[in-house]
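This report describes an internal cavity and a helix packing. The sequence and the model are shown first.

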Amino acid sequence: MEAARKNMSRRVLCLGLLMLASLLVASLKIGAVSLSWSDLWQLVAAPEGIAANPTHDSIVFQLRLPRALLALIVGAVLALSGLVLQGLLRNPLASPSLLGISSGGALGATGMILGSHFFPWAHAGLVPAAAFVGCLLASFWMLSLAQVEGRTDTALLILGGVAINSLVGAAIGLFTFFADDAALRSITFWSLGSVAGASWEQVAIVGLCSLPALLFLSFLGNALNALLLGEREAEFLGLSVERLKLTAFWFLSLALGAGVAYSGVIGFVGLVVPHLLRLWLGADHRQLLVASSVYGACLLLAADLIARTIAAPLELPLGVVTGAIGSPYLIYLLRRDKKLRLR
């Protein structure tokens with residue numbers, strides 16, 4: 001049985017890596033200016049410092065490749081974060097967007113966008129920094145609300161996250177009410193998510209912030225499996241649950257803050273991908289962690305490809321595409337669980 005599960009895990013992971021490579025190539029090839037296979041080959045095979053076609057070189061290496069890599073990193077972070085949060089809190093609906101972490105980043109960015117129209121010290125270049133700080137503050141405020149006698153109460157953590165999410169939504173609504181047309185367009189587009197303005201600098205920043213989190217969280221399989229038994233039982237097995245929660249939230253906040261800072265708020269990736277993989281691989285987090293990163297990257301790459309091609313030359317916000325994918329799937333899960341309970 002264990003050998004069969006490992007074989008299934010390898011097949012699912014290999015399929016995910018194949019899909020990821022295919023979507024990455026498609027992201028470079030397809031767009032408002034479609035490139036042929038020979039165009040791509042000429043760009044790859046051209047001698048260093050000599051562009052086979054300057055226009056195609058600029059499109060691929062300055063626009064599409066940074067955009068694809070940013071979507072890949074953010075998608076991996078969102079899916080892995082969703083899986084880890086669900087494991088830590090033992091709640092299948094836990095995700096960065098539900099718990100208010102992403103919303104904190106949205107509040108920071110929205111405040112800076114609106115402030116740039118009224119204060120000389122505030123400008124658009126500080127929006128990513130404000131979003132990053134907003135994510136960190138929302139995360140640790142949520143943790144402080146859930147502290148009871150030195151322990152983190154899971155139920156209070158979820159309720160605190162929902163409360164912070166609602167409070168942040170009200171604040172963003174207030175900012176939107178006072179915004180002018182230019183600020184309103186920026187706030188609306190940013191809050192729905194996009195990687196359209198990706199640059200190599202942004203990819204480097206998000207990658208440097210996300211890589212430690214991805215590496216640390218990918219080795220939590222045994223700890224999350226122990227938590228399936230309950231927190232007391234996990235502590236009997238030698239796991240320091242409180243230290244695990246605090247450390248995991250530090251890394252999650254760092255990675256999510258950097259991702260939200262440059263991509264905006266993108267929902268459902270951290271909710272849909274872990275549930276889909278559990279249907280294939282079961283509840284063993286040792287198999288789920290790496291697979292979640294790969295399939296999260298696949299989902300966001302596919303969503304970005306749809307967003308910039310389905311209504312070309314216009315682009316849809318990423319949050320609209322992921323919501324259109326994730327909402328029907330969540331409804332399907334609810335209907336399936338309802339039928340199982342009625343049997």
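A cavity is a set of points, on a 1 Å grid over the protein atoms alone, where a 1.4 Å probe fits but cannot get out. This is a predicted model, in which local features need pLDDT of at least 70, side-chain atom pairs count only at pLDDT 80 or more, and totals for chains, interfaces and linings use all residues. Residues are numbered from 1 along each chain as its sequence is written, and side-chain values use heavy atoms, without hydrogens and water.

Searching the whole structure yields one cavity of 30 Å³ or more. The largest cavity holds about 50 Å³ of space, a volume being the space filled by probe spheres set on the points. Its lining residues (an atom within 4 Å of a point) include Val74, Val77, Ser102 and Gly259. H11 (241–263) and H3 (54–89) are the elements giving two or more residues to this lining; helices are DSSP runs (H or I) of at least four residues. The largest share, five residues, comes from H11.

H3 also packs against H8 (residues 200–217), at an angle of about 25 degrees and with the axes 10 Å apart. Because angles under 35 degrees count as roughly parallel, H3 and H8 are roughly parallel to each other. Among the H3 residues in this contact (heavy atoms within 4.5 Å) are Val74 and Val77. Both residues also line the largest cavity.

The table gives the residue classes, with Gly counted as polar.

| Site | Nonpolar | Polar | Charged |
|---|---|---|---|
| Lining of the largest cavity | eight residues | four residues | no residues |
| Contact of H3 with H8 | 16 residues | four residues | no residues |

Key. 1 Å grid on protein atoms, 1.4 Å probe; cavity = no way out; pocket = protein on both sides within 12 Å on 5 of 7 lines; lining within 4 Å. Axes fitted to C-alpha atoms, helices over the stretch in contact; angles between N-to-C directions. Parallel < 35°, antiparallel > 145°, perpendicular 65-115°, else oblique.
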